[in-house]
Amino acid sequence: MKFNMTLRHLWTLLAVCVTGSQQLSLPDDPTYYAGIVEHSVAEGTPREQTSFMSNAFRTIIESTDARDLDIIVFPEHILNSRETATFVPHAAQNVTPCYDTDYEIFLVELSCAARSRGIYVVLNVVEKEVCANGAGAATLDPCPAATGVRYFNTNVVLDRRGRVVSRYRKTHLWRQEYYSTSVLVEPDVSTFETDFGVTFGHFICFDMLFYDPAMRLVHERNITDIIYPTYWFSELPFLSAVQLQEGWAFGNDVNLLAADASHPSGRTTGSGIYAGRAGRLTATINEMPVRLLLKAQVPKRRPGLPAYQLPAQVDPIFQPLLETPRYTKVATYRDYNVDIFTSTLLEADFVNISQRVCHGSTFCCDFQVQRQAFAGDASELQAYRYRLGVYWGNETTLIRVDRSEQAICALFACLDEEIQSCGYVFPESVRVGNKHHFTSIRIGGTFPAAPRGRRLIMPSTLDGLFMPVSVAHYNWTETPAAAAHPEQSVRVDLELIRPRNDLLTFAIWSNYYTELPSTHNLNHLQPNGSATATTSPSEAAPTPAPVGGSGTAVASTLSLVLLCLLFAALG
């Protein structure tokens with residue numbers, strides 16, 4: 001019997017034996033196979049909802065569609081609630097809920113599903129933690145005296161054996177979340193390594209619009225692959241779901257796996273897999289609730305390798321169309337920031353505009369926009385009006401939840417001449433026509449330096465189906481490179497290079513990550529608040545795994561190694 005296998009091949013064989021997977025990506029492979037799920041919201045009592053969603057997630061994991069995936073990501077918020085909150089172990093505890101069953105049943109069952117399928121699984125859960133008598137993490141809010149239990153919005157990562165390998169507690173909550181959910185004093189910066197050679201970072205929903213932890217993962221930890229469960233509330237004209245996801249991945253030039261819930265009438269839909277500046281690999285946004293699994297081979301990013309390019313696609317010859325498909329049933333918020341932009345209303349029948357627009361005396365944007373009139377009769381159809389808008393300052397918010405500092409050069413659609421009509425779409429009852437189509441657009445501006453080194457500049461584009469313009473259809477240039485030189489001002493130009501029938505937004509959008517505080521009308525966040533955070537010893541030393549947990553895992557792993565070697569020898 002000859003033992004001439006390399007160590008890597010031995011561990012690959014072991015992984016196959018342990019997981020039962022039919023196909024695994026290897027560390028040297030150029031891609032890994034990822035899936036993201038967009039899923040509708042369940043109805044019923046809290047326990048009925050959790051049972052339904054747990055069964056639905058488990059069915060997806062165990063389906064043949066997920067058979068060859070390396071990793072799958074599920075949305076935020078829809079799996080469980082406070083009534084079915086679960087304890088979540090720290091990765092250092094080496095817990096596999098499938099057999100360490102001291103957790104809510106849904107986490108136990110999904111751990112078993114991950115182990116059975118042999119796949120990394122990312123879940124978002126309502127986590128509970130005992131905080132009475134100084135126990136638990138250091139949080140901004142005091143421990144509830146009545147219960148001695150606090151709650152977190154938490155990501156849980158299960159590896160191919162169903163073991164918890166990473167946990168992340170949401171840092172930036174959404175409005176009413178602050179009244180029931182705790183926030184750590186020091187934000188989690190959570191990463192995990194995989195057996196296919198990729199290290200992921202992860203965060204949740206509204207975190208995407210803040211420096212901690214999202215940008216810290218990219219710029220300080222050099223993470224190139226991001227996992228993003230979300231329950232996003234879309235806002236027009238700049239922050240709809242896929243529009244933001246693709247723009248953020250492009251601006252940071254990272255891979256992004258984004259899984260959104262599906263509740264279009266509640267402003268929530270839009271998921272995708274993105275390959276940085278190569279654009280989206282797959283994405284969806286829907287007018288009706290759906291249950292979808294999107295999959296893509298995601299390029300691995302390694303130092304010294306050339307930038308990934310999407311396979312060449314042949315675009316159909318452009319045809320001017322008077323009427324094009326558009327979404328009207330996806331509810332959205334309106335961005336009230338646009339009301340204080342310096343903006344110029346364009347004539348309804350404009351065909352050629354070249355104009356500089358300035359906000360104040362220091363930030364200006366240059367616009368060149370060309371259109372061509374539709375040849376047929378369009379007199380019975382409504383058409384969007386357009387404005388050129390420019391802004392730089394900190395009198396803005398992020399969807400009216402937190403203060404922000406933004407710099408923007410934008411062309412955006414309005415229903416009529418009034419600025420208050422911008423950020424809406426015509427209802428389904430109105431026939432909308434493309435009385436003109438865009439032949440070219442060029443927008444450019446010199447974006448200020450970021451004294452604190454915190455800045456993200458990204459394209460923000462949107463069509464009538466709430467999808468961004470394909471990266472193959474525009475040019476983007478930065479001089480110098482924005483990410484590498486945050487201390488310098490940077491010239492950014494965005495140019496449409498393929499005609500478009502319909503556009504809602506074509507813009508350069510930047511976030512300067514203000515340090516102005518937002519207290520959210522919460523007593524404990526006020527400057528003179530009396531609440532003080534406490535740190536439990538458990539933060540310094542994670543609680544040991546339950547008796548039999550790690551020892552059983554080691555014994556099981558050694559047994560599997562011996563079995564695999566025996567089968568290899570007999571074969």
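F466 lies in the loop between strand 21 and strand 22, where strands are DSSP runs of E with at least two residues and helices are runs of H or I with at least four, numbered from the N terminus. F466 is not a glycine, yet its phi is positive, about 60 degrees. At 1% relative accessibility, F466 counts as buried; buried means under 20% relative accessible area, exposed over 50% and partly exposed in between, with a 1.4 Å probe and protein chains only.

The model is predicted, so local features need pLDDT of at least 70 and side-chain atom pairs count only at pLDDT 80 or more, while totals for chains, interfaces and linings use all residues. Residues are numbered from 1 along each chain as its sequence is written, and side-chain values use heavy atoms, with hydrogens and water left out.

**Overall fold**

The protein has seven helices and 24 strands. It contains 571 residues, of which 54% count as buried. Among contacts with a separation of 6 or more, 74% are between residues 24 or more positions apart; a contact means heavy atoms within 4.5 Å.

**Nonpolar cores**

A nonpolar core is a set of buried Ala, Val, Leu, Ile, Met, Phe, Trp, Tyr and Cys residues joined through side-chain atoms within 4.5 Å. The largest one holds 125 residues, and L123, W232, F238, W248 and F447 touch the most other members. Strand 19 (residues 402-414) gives this core its largest share, eight residues. A second, separate core of 20 residues includes I36, F192, L257 and V298.

Leaving out residues up to four places away in sequence, the residues that W232 touches include F206, L239, R267, T268 and I399. On the same basis, F233 touches W174, L239, G266, R267, T268, Y333 and I399. F233 sits in the loop between strand 8 and strand 9 (235-236) and is buried, with a relative accessible area of 16%. Its C-alpha atom is separated by 5.2 Å from that of T268, 35 residues apart along the chain.

**Helix 4**

Helix 4 (residues 211-219) has eight of its nine residues buried. Among the elements covering these buried residues are strand 5 (164-169), strand 8 (225-230), helix 5 and strand 21. P213 is placed in helix 4.

**Backbone exceptions**

Most residues other than glycine have a negative phi, and most peptide bonds are trans. The table lists two cis peptide bonds.

| Cis peptide bond | Omega | Place of the proline |
|---|---|---|
| D212 and P213 | about -5 degrees | P213, helix 4 |
| T479 and P480 | about -10 degrees | P480, loop between strand 22 (474-479) and strand 23 (490-496) |

N133, also a residue other than glycine, has a positive phi near 60 degrees. N133 is in the loop between strand 3 (120-130) and strand 4 (149-158) and counts as exposed, at 85% relative accessibility.

**Largest cavity**

On a 1 Å grid over the protein atoms alone, a cavity is a set of points where a 1.4 Å probe fits but cannot get out, and its lining residues have an atom within 4 Å of a point. The largest cavity has a volume of about 80 Å³, taken as the space filled by probe spheres set on the points, which are joined across faces, edges and corners. Its lining consists of H219, G251, N252, R277, R455, L456, I457, E478, A482 and A483. Helix 5 (241-252) and strand 21 (456-462) each supply at least two of these lining residues.

Definitions and conventions. 1 Å grid on protein atoms, 1.4 Å probe; cavity = no way out; pocket = protein on both sides within 12 Å on 5 of 7 lines; lining within 4 Å.
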